[in-house]
2 protein chains.
Amino acid sequence: MNTILPSWADTPARQRVIDFVTMVTVEGGSSFIPTGERIAAFDNDGTLWSEQPYYFQLAFALDRVRALAVDHPEWSTTQPYQAVLENDLQALAAGGMKGLVELIGATHAGMTTDEFAAIVTDWIASARHPTTGRPYTRMVFQPMLELLDYLRDHGFKTYIVSGGGVEFMRAFAQDSYGIPPEQVIGSSGVTQFEMRDTGPVLIKLPQINFIDDNVGKPVGINSVIGRRPVIAFGNSDGDLQMLQWTAAGSGPRLMGLIHHTDAEREWAYDQDSYLGRLDKALTEARASGWLIVDMKQDWLTVYPE
Amino acid sequence: MNTILPSWADTPARQRVIDFVTMVTVEGGSSFIPTGERIAAFDNDGTLWSEQPYYFQLAFALDRVRALAVDHPEWSTTQPYQAVLENDLQALAAGGMKGLVELIGATHAGMTTDEFAAIVTDWIASARHPTTGRPYTRMVFQPMLELLDYLRDHGFKTYIVSGGGVEFMRAFAQDSYGIPPEQVIGSSGVTQFEMRDTGPVLIKLPQINFIDDNVGKPVGINSVIGRRPVIAFGNSDGDLQMLQWTAAGSGPRLMGLIHHTDAEREWAYDQDSYLGRLDKALTEARASGWLIVDMKQDWLTVYPE
C-alpha cells in the first residue's frame with residue numbers, strides 16, 4: 001500500500017496530484033508557491049461526499065418537515081409539505097424550485113444560528129442514508145479525505161466552496177473533513193441581529209442571501225477568500241466557473257473533476273443526470289487537459305471502512 | 001523598554017491584555033482556549049489606523065474623482081462631483097449619504113476586481129494624509145501592530161471587521177497589518193462573473209451588497225468566520241454590536257475600545273464627533289467593565305517611526 005494517498009490506485013491521476021503538489025511546494029523551484037497563497041477549493045456534494053439519490057441537505061429538510069409536522073396540522077393538505085409527509089417524491093419534484101425554496105425556508109429559518117447548528121448536529125449524528133444505511137458522514141470519500149490531509153500537510157489551506165448551505169455544512173465540516181467553519185463557503189439565508197433579554201442572537205430568516213453555485217462560486221470565493229485558489233475540485237457543471245476562475249490565475253494551477261463512474265460502489269452519472277449533471281464541465285476539462293478522476297479506475301476505496 | 005507590547009505604557013490596560021492572553025493560552029489552565037477557537041476581530045478605521053479628518057477610503061474616492069474628471073466633463077457642474085472638484089467639503093456633506101453612495105459607486109465600480117486592487121495599491125503607495133503629510137499606511141497605530149503580532153504569536157487568528165470596503169482594505173492589509181485577504185471582512189458591492197475572450201473576470205457593480213457596520217458586524221462575522229471571536233476591539237458605536245456579540249460567547253472574552261483622547265499626537269473625539277462617534281459603546285464598556293484604552297495614557301507611541 002502506498003503511504004501517500006493510499007486509497008488512490010496507481011494510475012496517472014494519483015501521480016498527477018503528487019507531481020503538482022511537489023512542484024509547487026519544493027523550495028527554490030521555479031513553480032514554488034508561498035504558503036499563504038496555497039489555497040485549495042473543493043465542492044462538497046458529489047466531490048467530498050455522495051449526493052445520490054438526492055442532496056443530503058434535502059434529506060435533512062425532509063426529516064425536519066416530518067419532525068415539525070405535529071405543530072403544523074395544515075401541512076397534511078398543503079404542498080410541498082403534503083408531498084414530503086406522504087413520501088411522494090414525484091409530487092415534490094413537480095413543485096420545482098419554488099417548492100424547494102419554501103421547504104428550505106420552513107426548515108432552515110425561524111431560529112437562531114446557534115439553535116440551527118444544534119439541530120443539524122443532532123440530525124447528522126442519527127440520520128441514515130436511505131439506500132446504504134450509513135450515517136451521512138460515513139459517505140464521505142476516503143480518497144478525498146486523504147487528498148485534503150495531503151494538501152494540508154503541504155501547507156495548503158483547504159476550503160469547501162459548495163452550493164449547499166454554509167451553516168448546514170459548518171456543523172460537520174470540522175469533524176468530517178478537518179475544515180474549520182471559516183473555511184466553509186456556501187449558500188446562505190439572510191440573518192438578522194437581535195438583542196434579547198438573554199443577550200444578542202442572530203436570527204435565520206427565510207429570505208435567500210446568496211447562492212454559491214455556478215457563477216456564484218467565483219463570487220463567493222472572491223468575497224470570502226479574496227484571492228484565487230491554486231487547486232480546485234468539483235464534479236458537476238455547477239463547478240465549471242470555479243474551475244475556470246482557478247485556471248485563469250497566473251502560475252501553476254490544478255483543476256480536477258470527480259467523474260462518478262462506479263455504479264457498483266457508488267453511483268454512475270454524468271451528462272444526463274437530473275442532479276449533479278456533468279456535461280459542459282466534462283467537455284471543457286477534456287479540451288483544457290484538466291484532471292478527470294475516474295472513480296472506478298482511480299480509487300481503490302470509496303468510503304471509509 | 002518592555003519586550004512585550006513595547007509601545008504600550010506600564011498601565012493597567014497593557015497588563016490586562018497580557019493577563020488575558022496568558023490565561024487563555026496556558027496549556028492545562030481552566031480558561032484554556034484551543035488554537036482553532038482563538039479568533040480576534042479588529043475594527044479598522046479608528047482602531048488600527050486613524051480616521052480623521054475623514055475616513056481614508058473617502059480620501060481615496062475623492063482622489064479618484066479628481067483623476068477620472070478628465071473623462072467626465074459633466075462632473076464640473078454635477079453634484080456631488082462638483083463639490084469634490086471644487087474642494088467644497090461643506091457642499092459634499094450637504095449631499096449626505098446619497099451623495100457618498102454615488103461617489104463610491106463612481107469610483108469603486110465599473111472595473112474588474114483585479115483592476116480595482118491595482119488602483120488601490122497604486123494610490124496607497126503615493127497618497128499623503130492632508131494634515132500629517134504621512135502615507136496613510138504610516139498612520140497605523142504602532143501599539144495595535146504590536147498587539148496583532150502578540151496575539152498571532154499566541155496562536156490567534158487576527159481578523160479585520162470593518163465598515164470599510166473589503167476590496168479596498170485587502171489591497172494593504174497584508175503589508176500593513178500582516179492580515180491576509182481571507183481574514184478581512186468589510187462592506188462590499190455586488191460583483192458579477194463575466195467570461196471574456198481573455199478569460200473570466202469579476203466585474204464590480206455600483207450596487208451595494210453588504211454594509212459591515214453596526215448590526216452588520218455580527219452578521220459579517222457569522223457569515224465569514226462562522227464562530228464567535230474571543231477578542232474584539234473597536235473604537236465607535238459602529239462596533240457596539242460586534243463587542244456585544246463577542247461578549248455573549250461562553251468562556252473568557254476580551255472586549256476593548258480605543259478611546260481617542262490625544263489631540264496632540266492624534267485626535268481627541270468621542271460622543272459628539274460627527275465621525276467615529278463613541279457614545280453608547282463607551283457607556284456600555286464602562287457598565288460592563290470592558291477594556292477602555294486611553295490613547296494618551298496607555299500608548300507611549302502612536303504611529304510607527
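**Close-up views of a predicted model**

**View 1. Packing partners of helix 8 in chain A.** In this predicted model, the buried residues of helix 8 of chain A pack against three helices and two strands of the chain: helix 2 (56-68), helix 6 (113-126), helix 7 (142-153), strand 2 (157-165) and strand 3 (184-196). Of the 12 residues of helix 8, 10 are buried, so the helix is largely enclosed by the rest of the structure. Among them are A:Val166, A:Phe168, A:Met169, A:Phe172 and A:Tyr177. A:Glu167 and A:Arg170 are also buried.

**View 2. Span and end of helix 8 in chain A.** Helix 8 covers residues 166-177. Its end C-alpha atoms span only 14 Å, against 16 Å for a straight helix of 12 residues. Just after the helix, A:Gly178 adopts a positive phi of about 70°.

**View 3. The open sheet of chain A.** Seven strands line up in the order 4-3-2-1-5-6-7, with mixed pairing. Strand 4 (199-210) and strand 7 (291-294) form the edges, each pairing on one side only. From one strand to the next, the twist averages 30°.

**View 4. Strands 1 and 5 of chain A.** Strand 1 (residues 39-42) and strand 5 (residues 231-234) run parallel, joined by three bridges. Here A:Ala41 stands opposite A:Ala232 of strand 5.

**View 5. The contact between chains A and B.** Chain B gives 26 residues to the contact, and chain A gives 26 residues. On the chain B side, strand 3 (184-196), strand 4 (199-210), helix 9 (216-224) and helix 10 (240-247) each give two or more residues. Helix 9 of chain B supplies the largest share, five residues. By class, this side of chain B has 13 nonpolar, 10 polar and three charged residues.

Definitions and conventions. Residues are numbered from 1 along each chain as its sequence is written. Chains are lettered from A and ligands numbered from 1 in the order in which they are written. This is a predicted model: local features need pLDDT of at least 70, side-chain atom pairs count only at pLDDT 80 or more; totals for chains, interfaces and linings use all residues. Helices (H or I, at least four residues) and strands (E, at least two) are DSSP runs, numbered from the N terminus. The expected span of a helix is 1.5 Å times one less than its number of residues. A residue is buried if 20 or more other C-beta atoms lie within 10 Å of its own, exposed if 12 or fewer, and partly exposed in between; C-beta atoms are placed from the backbone. Two residues are in contact if their C-beta atoms, placed from the backbone, lie within 7 Å. Ala, Val, Leu, Ile, Met, Phe, Trp, Tyr, Cys and Pro count as nonpolar, Asp, Glu, Lys and Arg as charged, and the others, Gly among them, as polar. Two strands pair if DSSP finds at least two bridges between them. Axes are lines fitted to C-alpha atoms, for helices over the stretch in contact, and angles run from 0 to 180 degrees between N-to-C directions.
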